[in-house]
Amino acid sequence: MYRYIFVLVLFMLTSSGSVKENVKVVHFLEEKYFESLDMTFNKKGQIRFFKEKIEIRYTDDKTVLTYNGDVLLRQKGSNLSKIDLQKKPAIKMFFVLFEAIYFEKKKILQSYFSLKRRNGITTLTPHKNIAAYIENVQYQKKGTHLGFLKINMRNNDRILIEETY
Amino acid sequence: MKKPIKYFNFLFFIISLYLLVSLQSYTHFSTSLFSILPQNDTKKMIEGFQQTQSSHTLLVATKGLDNKALEKIKKIEEELDALDFVAIKKSHLNRDLIRHQKEYKLLIQEVNLTKLSTLEVPLELKKLYDEMTSSFFPVIIDKIDPFQVLNPPNPIEIKTKNGHLTLGNYGYLSYFTLGSQNLNEHQKMYRDIYKVMKDKKEIQFFSPLFYYVENSQAIRADVQTIIYISFAILLVLYFIILKDILLLIHTLITLATSTILAMVILTQMYEEVSIFVFIFGISISTVAIDYMFHHYLHGYYHEKKKLNTEVFFGFLTTFCAFFILSFTSFMLIKQIAFFTMVTLSISYLHFSFLYPKIGFKEFTLNKMKDKKENTFFCKLSPRIFLLFSLILIFLSSLWIEFDFNLKNLDYDNKRLKKTEHFFKSHDTLHQNVPFVVKAKSIDTLIQHSKTIKQKVPTAHLPLSGQMSQVSYAKNKEIFTHHQSLRERLLIESRQLGFKEAYFDKAYDVQKPLIMYTAQVIRNYGIEVVKIDDYYITFGTISKKDYTQVLQYDFIHSLSIKEHFEVLMQEYVQNIGVLGFLVIMMILVIFFIISGKNFIYAMVFLVFPISMMGVYAFFSSINILHLFMLFIILAISIDYAIYMSRDNNERTKKAIHFSLISTFAGFGVLVFSQINALFSLGIIAIIGIGAISILLVCMKDKYVS
């Protein structure tokens with residue numbers, strides 16, 4: 001279940017894109033390394049921020065993920081699945097975490113991570129409740145633009161996100 | 001006043017005071033309802049639960065789910081976290097426990113046999129590979145159970161917003177662990193928390209520990225008030241009646257000595273004595289003073305006389321009544337009975353044997369206005385009273401209801417109950433009911449916990465996530481039987497591109513059985529308590545599933561009401577039987593003394609009972625009502641004895657004084673906020689009122 005959250009967090013962290021009316025669209029490039037396969041995969045995608053929801057989609061995939069605070073919707077063609085986030089607090093926690101980073105809510109971020117900033121790069125060390133999955137998180141923001149975001153997982157998987165434009 | 005014996009009363013008082021201080025008897029008095037519960041397994045289990053973290057929790061809620069409310073609760077968290085005995089509860093997770101549960105999950109968790117038997121390794125592996133390479137999200141592979149054939153444990157539904165816990169839709173919620181271990185520490189913790197919350201009126205906060213502090217404070221304040229009122233009333237009353245300062249001082253000293261010695265003796269018998277016993281002891285001293293009134297008014301302190309047999313039999317009846325009632329298993333009544341036997345005995349010995357030696361001025365009738373026989377009231381025959389009483393008793397049987405809820409005897413802390421209800425009403429999680437799992441060994445305890453978890457998957461039972469001998473053997477057999485699963489996984493995964501040895505730990509059950517000790521379990525953050533030769537652990541469950549699990553004989557309720565309701569029914573029956581014996585004893589003593597007139601004696605028994613029957617129309621009857629009724633009957637028969645033996649003006653005066661004094665002594669209990677004391681007081685008032693009616697309105701014996 002965490003995987004859904006991770007990507008959402010990562011993608012949303014890249015949110016410094018253009019604002020059209022009430023929608024903010026962020027384009028990103030993603031690089032994922034899987035230790036189990038010893039392989040790296042690259043993808044492109046975009047995150048759309050609406051007033052009441054967040055939408056995520058990849059360039060070469062028709063699946064759309066929508067987060068509205070209480071549920072996470074996953075739609076592929078006519079197939080729609082729903083995850084009740086009240087029953088999946090861990091997933092919801094990651095969305096909250098993203099919002100904390102994106103809107104610079106330090107208090108919330110400090111609930112889950114210890115923060116260190118050096119040479120413009122922020123390192124987040126997770127508290128023990130999420131430390132079982134995440135080794136650490138690093139990101140660099142230039143204004144509202146996300147330079148990079150790197151998540152090192154406990155199982156040695158790695159995710160690198162870069163905002164493309 | 002020159003003989004040394006004249007100072008014996010003071011000497012006894014000093015000795016009793018010395019014993020009280022040196023033995024620190026006053027420290028054994030408890031305001032807790034627990035002190036009146038029998039020391040059985042149930043009490044031990046509830047006490048065990050009260051020592052756990054679940055009971056030592058503080059809940060704090062701010063209204064609203066906006067940023068302002070979030071900042072507010074964060075600030076409160078910081079302030080409270082800085083206090084002694086208060087620590088914010090950040091996570092329920094224990095790293096060692098998670099590591100252990102992960103490593104041994106194949107031998108701990110329940111296996112989905114349907115999935116296991118229909119599973120196709122190449123297909124599942126392909127699905128896994130596709131998910132990793134094409135999914136939106138990084139896939140976290142479970143190296144031990146990559147195909148998820150184990151049923152995952154049900155997580156607790158925790159509601160959050162902006163990364164913070166919420167209390168339903170009300171606002172943000174914070175949990176704190178309270179580390180205070182005794183009443184003094186609880187009080188400090190309570191004061192500190194209230195200091196922080198002083199100016200934050202809109203914040204809701206609650207801890208079960210607050211009941212200890214607030215109830216204790218309320219009971220102590222209540223007891224203090226009753227003592228002051230009682231002392232003031234009795235002092236004025238005795239002064240008006242006796243008009244002899246020296247006798248008044250001696251009497252007060254005797255009553256104090258008897259009460260102190262009763263305290264000393266009782267606290268040597270019991271580690272914990274209810275403070276209600278002490279209050280009752282003060283009230284019962286107003287009965288003890290009867291012995292002085294009768295001796296004094298009949299000139300026993302002025303001239304040398306033989307033993308006053310009426311007083312002796314009066315004392316003997318009351319003493320025997322308490323002696324019989326002391327055989328009850330209800331601790332409060334047992335303690336009261338012992339306390340009373342000691343106070344009455346000491347008072348009787350003083351008033352009967354010491355006071356005549358000391359010698360006091362003669363009480364003369366002309367000190368009072370000699371009243372003629374009261375002709376205002378029409379005196380009725382005892383037969384009419386008897387008939388009237390029996391009809392009332394029969395009628396009251398139609399409406400009488402018993403209250404077996406032990407909690408109804410305690411102080412009713414309405415304010416705190418309201419706050420507790422506030423938290424429960426806003427979140428279903430707080431509505432869950434706690435329960436106890438009991439077993440002779442840790443392994444059986446784990447297996448019992450697993451049985452419950454299997455029956456009600458939503459039950460929160462931390463110990464169910466451990467390995468038992470049964471789960472170990474069962475899962476080992478399953479995976480050994482499906483050994484091909486592991487073999488195929490190792491081969492096929494390599495062919496598909498997974499790293500060599502990546503799934504080496506998958507479905508490998510070649511691990512030894514772990515026999516946990518209680519300490520190991522505790523180190524995992526799971527509550528296990530050893531009581532005598534068995535272990536208990538705790539869980540919570542929704543109200544609708546609660547009755548389902550209670551059907552197992554290893555599951556026990558933590559509700560005082562539920563547990564002691566059955567026990568209270570037994571106690572009430574027990575008191576009924578003992579009360580019947582008291583009545584029999586009273587009748588026997590009455591017949592020994594007065595010989596005849598059965599009806600006259602019976603009226604003194606049935607009329608107070610019928611009056612309580614009337615009271616039962618307005619209120620349900622509890623065990624203390626019944627207890628007090630039998631006490632009243634024992635006192636009532638004293639008056640019947642006095643009247644039947646020596647029915648002169650002095651006897652009537654002595655009885656009137658006794659009634660007024662007893663009425664004042666027990667009457668003040670109706671001002672109590674504590675139902676236990678109120679119950680005693682109301683029955684005392686009704687009973688003494690009934691006796692007064694008999695003395696005023698009933699024709700004297702032999703006149704019927």
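**Exercise 1: two helices of chain B**

At roughly what angle do the axes of helix α9 (residues 209–242) of chain B and helix α24 (residues 649–667) of chain B cross? Work out how the pair is arranged, then list who touches whom.

*Solution.* Some housekeeping comes up front. This is a predicted model, where local features need pLDDT of at least 70, side-chain atom pairs count only at pLDDT 80 or more, and totals for chains, interfaces and linings use all residues. Residues are numbered from 1 along each chain as its sequence is written, while chains are lettered from A and ligands numbered from 1 in the order in which they are written.

Step 1: get the angle. The axes of α9(B) and α24(B) cross at roughly 165 degrees and come within 9 Å. Here an axis is a line fitted to C-alpha atoms, for helices over the stretch in contact, and angles run from 0 to 180 degrees between N-to-C directions. Helices (H or I, at least four residues) and strands (E, at least two) are DSSP runs, numbered from the N terminus.

Step 2: name the arrangement. That angle makes α9(B) roughly antiparallel to α24(B). The cut-offs are under 35 degrees for roughly parallel, over 145 for roughly antiparallel, 65 to 115 for roughly perpendicular, and oblique for the rest.

Step 3: get the hand. The crossing of α9(B) with α24(B) is right-handed. The rule is that a crossing is left-handed if the near helix is turned anticlockwise from the far one by less than a right angle, and right-handed if clockwise.

Step 4: list the residues. From α9(B) come S230(B), I233(B), L234(B), L237(B) and I241(B), and they meet F657(B), I660(B), S661(B), A664(B) and G665(B) of α24(B). Contact is called when two C-beta atoms, placed from the backbone, lie within 7 Å.

Step 5: sort by class. This contact of α9(B) with α24(B) has 7 nonpolar, 3 polar and no charged residues. Ala, Val, Leu, Ile, Met, Phe, Trp, Tyr, Cys and Pro count as nonpolar, Asp, Glu, Lys and Arg as charged, and the others, Gly among them, as polar.

**Exercise 2: two more helix pairs**

Do the same for α10(B) with α11(B), then for α22(B) with α25(B).

*Solution.* Step 1: take α10 (residues 245–269) and α11 (residues 275–297) of chain B, which pack at about 140 degrees with their axes 10 Å apart. The two are therefore oblique to each other, and the crossing of α10(B) and α11(B) is right-handed. Residues in the contact include L255(B) and M263(B) of α10(B), plus F278(B) and I289(B) of α11(B). By class, the contact has 12 nonpolar, 5 polar and no charged residues.

Step 2: turn to α22 (residues 598–618) and α25 (residues 675–697) of chain B, where the angle is about 135 degrees and the axes are 9 Å apart. That makes α22(B) oblique to α25(B), with a right-handed crossing. Among the residues that meet are F604(B) and F607(B) of α22(B), and I686(B) and G687(B) of α25(B). The contact of α22(B) with α25(B) divides into 13 nonpolar, 1 polar and no charged residues.

**Exercise 3: two positive phi values**

Is Y507(B) buried or exposed? Place Y507(B) and Q148(B), and say what their backbones share.

*Solution.* Step 1: start from the background. Most residues other than glycine have a negative phi.

Step 2: check phi. Y507(B) has a positive phi near 50 degrees, and Q148(B), not a glycine either, has a positive phi of about 50 degrees.

Step 3: locate them. Y507(B) lies in the loop between α18 (483–496) and α19 (518–523) of chain B. Q148(B) belongs to the loop between α7 (121–134) and β4 (160–161) of chain B.

Step 4: count neighbours. Y507(B) is buried, with 23 other C-beta atoms within 10 Å, whereas Q148(B) has 13 and is partly exposed. Buried takes 20 or more other C-beta atoms within 10 Å of the residue's own, exposed 12 or fewer, and partly exposed falls in between, with C-beta atoms placed from the backbone.

**Exercise 4: T57(B) and its far-off partners**

Which residues does T57(B) contact, leaving aside its neighbours within four places in sequence?

*Solution.* Step 1: T57(B) sits in strand β2 (residues 57–63) of chain B. Step 2: with 16 C-beta neighbours inside 10 Å, T57(B) is partly exposed. Step 3: the contacts of T57(B) are Y175(B), F176(B), T177(B), L178(B) and S207(B). Step 4: T57(B) and F206(B) lie 149 residues apart in sequence, yet 8.4 Å apart from C-alpha to C-alpha.
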